[in-house]
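Hi,

Here is the structure I promised to send over. Have a look at it first, and then read my notes underneath.

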Amino acid sequence: MSDSIELDKLAELHQRGVLTAEEFARAKERLLGGAGTGSSSTTSGYGATRSAAAGGINELRRSVDDRWIGGVCGGIARLTGIESWLCRLLLTVLALFAGSGVLVYILLWIFVPEQEA
């Protein structure tokens, strides 16, 4: 969703009285990338989640020590905190359904860089 649409929704909530002026200002500041002035529990909103997810994707690297073929499942497992066998099982099940798991694995193998030793 674009920032302008979210700003319109925030303004509408403020006009209807759902958000106070202070809440509206903090939400608008978070949305536009500001640091926020409230406590840490109120400043961890959509903008922080969006940047954390982007940071997580940028940290994805193919594993060099937990690999069977290309290290993709080992890298995903390390990033998400799940066991690598579970990731391998999921991609195998996806491979059985129209070959989408094979396509996903090949694309990740090509585009995800290998971790540095």
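Below is what turned up, going through it topic by topic.

One thing to keep in mind from the start: this is a predicted model.

**Salt bridges**

A search of the whole structure gives two salt bridges. One of them joins the side chains of Glu12 and Arg16, at 3.4 Å from N to O. Both residues belong to helix H1 (residues 3-16), and because they are four residues apart there, about one helical turn separates them. Glu12 is partly exposed, at 42% relative accessible area, while Arg16 counts as exposed, at 56%.

The other bridge links Glu22 with Arg26, and its closest N and O atoms are 3.5 Å apart. The spacing is again four residues, this time in helix H2 (residues 21-31), so about one helical turn lies between Glu22 and Arg26. If you wonder why that spacing works, an α-helix has 3.6 residues a turn, so residues three or four places apart point the same way. Here the two ends differ in their surroundings: Glu22 is exposed, with 54% relative accessible area, whereas Arg26 is buried, at 17%.

**The two sides of H2**

Which residues of H2 are buried? They are Phe24, Arg26, Ala27 and Leu31. These residues cover an arc of only 165° around the axis, so they sit on the same side of H2. Ala21 and Glu22, on the other side of H2, are exposed. After H2 comes Gly33, which has a positive phi near 95°.

**Aromatic rings**

There is one aromatic pair in the structure. It is made by Tyr105 and Trp109, whose ring centres are 6.0 Å apart; the planes are at 70°, so the pair is edge-to-face. For that label, the planes have to be over 60 degrees apart. Tyr105 and Trp109 are both in helix H7 (residues 100-111), and since they are four residues apart, about one helical turn separates them. Tyr105 is buried, at 15% relative accessibility, but Trp109 is partly exposed, at 37%.

Another ring has a charge for company: the charged end of Arg88 sits over the ring of Trp68, 4.6 Å from the ring centre.

**The largest pocket**

What is the volume of the largest pocket? It comes to about 260 Å³. The pocket is lined by 16 residues, and the closest to its centre are Ile69, Cys73, Leu91, Thr92 and Tyr105. Two or more lining residues come from each of helix H5 (72-80), helix H6 (84-96) and H7. Note that Tyr105 turns up twice in this email, once in the edge-to-face pair and once close to the centre of this pocket.

**An unusual backbone angle**

Last item: Ala98 has a positive phi, about 65°, although it is not a glycine. You will find Ala98 in the loop between H6 and H7. With 82% relative accessibility, Ala98 counts as exposed.

Happy to go through any of this with you whenever it suits.

Cheers

How values were computed
Residues are numbered from 1 along each chain as its sequence is written. This is a predicted model: local features need pLDDT of at least 70, side-chain atom pairs count only at pLDDT 80 or more; totals for chains, interfaces and linings use all residues. Side-chain values use heavy atoms; hydrogens and water are left out. Rings of Phe, Tyr and Trp (its six-membered ring) pair if their centres lie within 6.5 Å; planes under 30 degrees apart count as stacked, over 60 as edge-to-face and the rest as tilted. Buried means under 20% relative accessible area, exposed over 50%, partly exposed in between (1.4 Å probe, protein chains only). A charge sits over a ring if NZ of Lys or CZ of Arg is within 6 Å of the ring centre and within 35 degrees of the ring normal. A salt bridge is a side-chain nitrogen of Lys or Arg within 4 Å of a carboxyl oxygen of Asp or Glu. The arc is that of the directions from the helix axis to the C-beta atoms. On a 1 Å grid over the protein atoms alone, a cavity is a set of points where a 1.4 Å probe fits but cannot get out, and a pocket is an open set with protein on both sides within 12 Å along at least five of seven lines; lining residues have an atom within 4 Å of a point. Grid points are joined across faces, edges and corners, and a volume is the space filled by probe spheres set on the points.
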